[in-house]
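Grab the model and work through the exercises below. Each one sets a task and then walks through a solution.

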Amino acid sequence: MGCLRIWSVLTCLVSVSLVVESRDSSWGGLYPRESASREVKSLDGLWNFRLSPLLDAEKGFREEWYAQPLSKSGPVISMAVPSSYNDITQDKDLRDHIGWAWYDRLFYVPTRWQTDKQRVVLRLGSAHYNSIIYVNGHSLTSHEGGHLPIMADITTKLVYGKENLVTVAINNTLTPETIPQGTIVEHNDPSRYPPGYFAQSYNFDFTNYAGIHRPVYIYTTPQTFIEDILITTDINGANGVITYNVTHGNTMIGPSRSGEVGCSMKLLDIEGDHVTSAMGCQGTIVVTNASLWWPYLMSENPGYMYTLLVAVSDAEGNLDLYPHKVGIRTLGWNSTTLTINSKPLYLRGCGKHEDADIRGKGVDYALIVKDFSLLKWLGANSFRTSHYPYAEEIMDMADKEGIMIIDESPAVGLSGFDEALMNKHISVMQELVQRDKNRPSVIMWSVGNEPKSNQAPALNYFRDVVAATHTADPTRPVTCVLNLGKVVSATKSADPSRPVTCVLNKPKEKEYAASSLDVILVNRYYSWYGDTGHLEVIKMQTITEFSEWHLLHNKPVMISEYGAGSLPGYHMDPAWTWSEEYQAELMIRNFEAFDELRSKGYFVGEMIWNFADFSTPQGHTRPGGNRKGIFTRSRQPKMAAHVLRYRYHNLANDTLTNSQAPMCFTSVLH
C-alpha cells in the first residue's frame, strides 16, 4: 500500500509533494517577550481541526489542505490550543489516533508592521511529534520532536489588510528511528482483525499525548535583531560576575551599513532598579555585593533574578531590545559531592510529568502555579523533567521560585544505538541545551531515562552523546537515569558547565553508560517490582546497591525513582500493596537507607516517583493510569504526601544546621 499505511508516513515524507521553503527548525529562538522594540501577539485559542484517514495518510497533502481554510476540505471541529487533542472530546478514535492531524486558524497582523519594516516570526512552543508549518499555503519549516520550540520567519509570506492562514500538520507516529522510540505492530489475520489494522507500541509508561502542546505566538523584531544570548555566571568574594555573548542577525536586502552593529547592556535588580551597565556584544559585568540565586529553603530569598536588558543597534537606526533574566550562581561537582555557590547540595525532589485531566500535556498556567505551590508545601528543592523537556513557562517558574531542575531529553527506553540514532540524539541535546543554557535552575543535563544500556553498542553511543552535551554547556554535569544505560560525549560538548547524567535501571555489572556520566542516577523499586510486600528488605538492598555503584565508578550517586502505587482511600493495616499505608511505609523504609547513605558522603539526593498520578496506555496493571503519585491526578494529597513533607522540611533544616541525624517517622503513621 506504499505510503498509505500510517507506519510508513514519516519515511514517506520525502515522496509527498511538499517543498519546505526553509530548513528544518533546530533553533526555536529566544522566548517571545515584549520590549520597546518587540511586539508579541498570541495565537492561542480555538483552532479548526481534523484528522487524516488512517489508511490514507497522504490525503491532506494530496488535496493540499494547507492551501485554503481547513473547513473547505471537509468537516472540522474546534480544538483548544495549547492542549493535547486526545482527551478533549468523547470520540475514541480521536483519543487513540495514530497519524496525521491538521490544525488551522485565521489571523490579522497590524499594517504598521509593514510600514515599520518589521521582521515577523511565528513560534510554536512545541508540537508532538513530527510537524510541518504553513502560512498562506507556503510550507515554511518542519520539525521532528515533540518538546522543543519551532520558529519560522514569516515576514515575506504575510498579507496586510487581509486575513492570514496558519496551518500545522502533526504526526504522532513513533518508530525505532524516532526519539522516543516506538513500533507499529500490524495485525494481518483477516479472521481476527479488520483490513489494515495496526497498533502503536512504545517502551515507556505514559500516554503518548499529541497536539500543539504549548503557546503559539507571532512576534516582531527590527531588521537588525538579537538572535541569541549566552550567559555564564561566577562568584568572586561578595561580587557576582556575569559573562555574556550576544549574537545578532539581519534581514536587510541591498546596500546598507548594518554590519556596523553595536551592543549595550543594562543590568536591573529584582525591583527594576539600575545596577550597572556595559558596552560591547561580548564582555563581563561585575556586580558588587551581588544577590545570589539560591535554591528554595537554602536562603531567605531564593530564586533571585536580575534582568539583563540587551540592546543591539546598527547604523541604519534599527534598535532591538530584549530583557533576559539572570541568576548568579555557581555549580561544582567531584567524586562525592554536588555544590551550589560552594555549599554542599542535597536534592529533595520528585519525578514529574506534564499531565493533567482533559488538557493532557497542554500548558495550563493555573496548573503550573498549583504544582509549584505543592512542591514548596512539600519542602522539595528540585524535580526532574521526566521524560522530556518541559514547557518554558514551567522552567521560568522554576527559575523564579528557586526550584532546581535535572533537565531531561525525550530519550526514554532507547535501544539499538546505531549511528543514525546517535546523531539524532546529539541534535536533540544540542537543541535542548541551546534553549535552557542560561537557566540558573538547570543544574544537570539528563541525556535519557532507562536506556537498554546492557547492550554493548551503548558504550560508545553514550560516550559521544555526553561529550557533545558538555561541549554545548561546560558548566553543568551530565547524567542519564539508569535502569541499565549510556549516552554522554555530545552533551559535554554542548555544555561543559553542568554535570551530565542518564537515569539508569540496569544491573551495574552489565551496564555500559555509567562510566561516561558525571553523576549516577539510578531507579530502584525494592519491595514493589521485586520482593513485593517484603518491606523489611528495602534498607539492606538499597544501601548495598548504591554503595556498590559509588565504589565501582567513584562518582556521586542518587536515587532518581523509588516508590509504590496506591489507590486513594484504600487503607489496610498492616500495610498491603496498593494501600496508602503500603506506599507510605515503603517510603519510610527507603528513608532509613537514604540517611545511612548520606552519612557516607557520596549520596547526593532522592526523588520520589511520582509527584502525581498520571495517564498511561490502557493495561491490566494500570488501574486508571500510573498510581505512584503522592498526589492524585487532581493534585490532592495522599498519605504519602504528608510523610514526604515531614521528611523534606526536616532535611531542609538539617542542611541549614549541617546535621545528618536520622529521622524518626513512627508518629507519622501511628
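**Exercise 1. Find which residue of E18 stands opposite Ser 264, and place the pair in its sheet.**

Step 1. Ser 264 stands opposite Met 279 in E18. This is a predicted model, where local features need pLDDT of at least 70, side-chain atom pairs count only at pLDDT 80 or more, and totals for chains, interfaces and linings use all residues. Residues are numbered from 1 along each chain as its sequence is written, and side-chain values use heavy atoms, with hydrogens and water left out.

Step 2. Look at the two strands: E17 (residues 262–268) pairs with E18 in the antiparallel sense, over five bridges. Strands (E, at least two residues) and helices (H or I, at least four) are DSSP runs numbered from the N terminus, and two strands pair if DSSP finds at least two bridges between them.

Step 3. Zoom out to the open sheet, whose four strands come in the order E18-E17-E20-E21 with antiparallel pairing. Its edge strands, E18 (274–279) and E21 (319–326), each pair on one side only. On average, neighbouring strands here are turned by 20° against each other, direction ignored; the axes are lines fitted to C-alpha atoms (for helices over the stretch in contact), with angles from 0 to 180 degrees between N-to-C directions.

**Exercise 2. Work out which strands pair with E5, and over how many bridges.**

Step 1. Six bridges join E5 to E14 (residues 216–221), and the two run antiparallel. Within E14, Thr 221 is the bridge partner of Arg 119.

Step 2. E5 also pairs with E9 (residues 150–153), again in the antiparallel sense, over four bridges. Here Val 121 has Asp 153 of E9 as its bridge partner.

Step 3. Put it together: an open sheet of four strands, in the order E1-E14-E5-E9, with antiparallel pairing. E1 (40–42) and E9 are the edge strands, each pairing on one side only. The twist averages 20° from one strand to the next.

Step 4. Now check the burial of E5 (residues 119–124): six of its six residues are buried, where buried means under 20% relative accessible area, exposed over 50% and partly exposed in between (1.4 Å probe, protein chains only). Both faces are covered, with Arg 119, Val 121 and Arg 123 on one side and Val 120, Leu 122 and Leu 124 on the other.

**Exercise 3. Test whether the length of H11 agrees with its residue count, then say how enclosed H11 is.**

Step 1. H11 (residues 580–600) has 21 residues, and at 1.5 Å a residue it should span 30 Å. The expected span is 1.5 Å times one less than the number of residues.

Step 2. The end C-alpha atoms of H11 are 31 Å apart, which agrees.

Step 3. Since 15 of the 21 residues of H11 are buried, the helix is largely enclosed by the rest of the structure. Just after H11, Gly 601 takes a positive phi of about 95°.

**Exercise 4. Describe the largest pocket, then the two largest cavities.**

Step 1. Get the terms straight. On a 1 Å grid over the protein atoms alone, a cavity is a set of points where a 1.4 Å probe fits but cannot get out; a pocket is an open set with protein on both sides within 12 Å along at least five of seven lines, and lining residues have an atom within 4 Å of a point. Grid points are joined across faces, edges and corners, and a volume is the space filled by probe spheres set on the points.

Step 2. The largest pocket has a volume of about 1,300 Å³. Its lining has 46 residues, with Lys 92, Asp 93, Arg 95, Asp 96 and His 97 nearest the centre. E12 gives the most, five residues. By class, the lining divides into 20 nonpolar (Ala, Val, Leu, Ile, Met, Phe, Trp, Tyr, Cys, Pro), 17 polar (the others, Gly among them) and nine charged (Asp, Glu, Lys, Arg).

Step 3. The largest cavity has a volume of about 180 Å³. It is lined by 20 residues, and H5 (residues 365–378) supplies the largest share, five.

Step 4. The second largest cavity has a volume of about 70 Å³. Residues lining it include His 143, Glu 144, Pro 410 and Glu 431.
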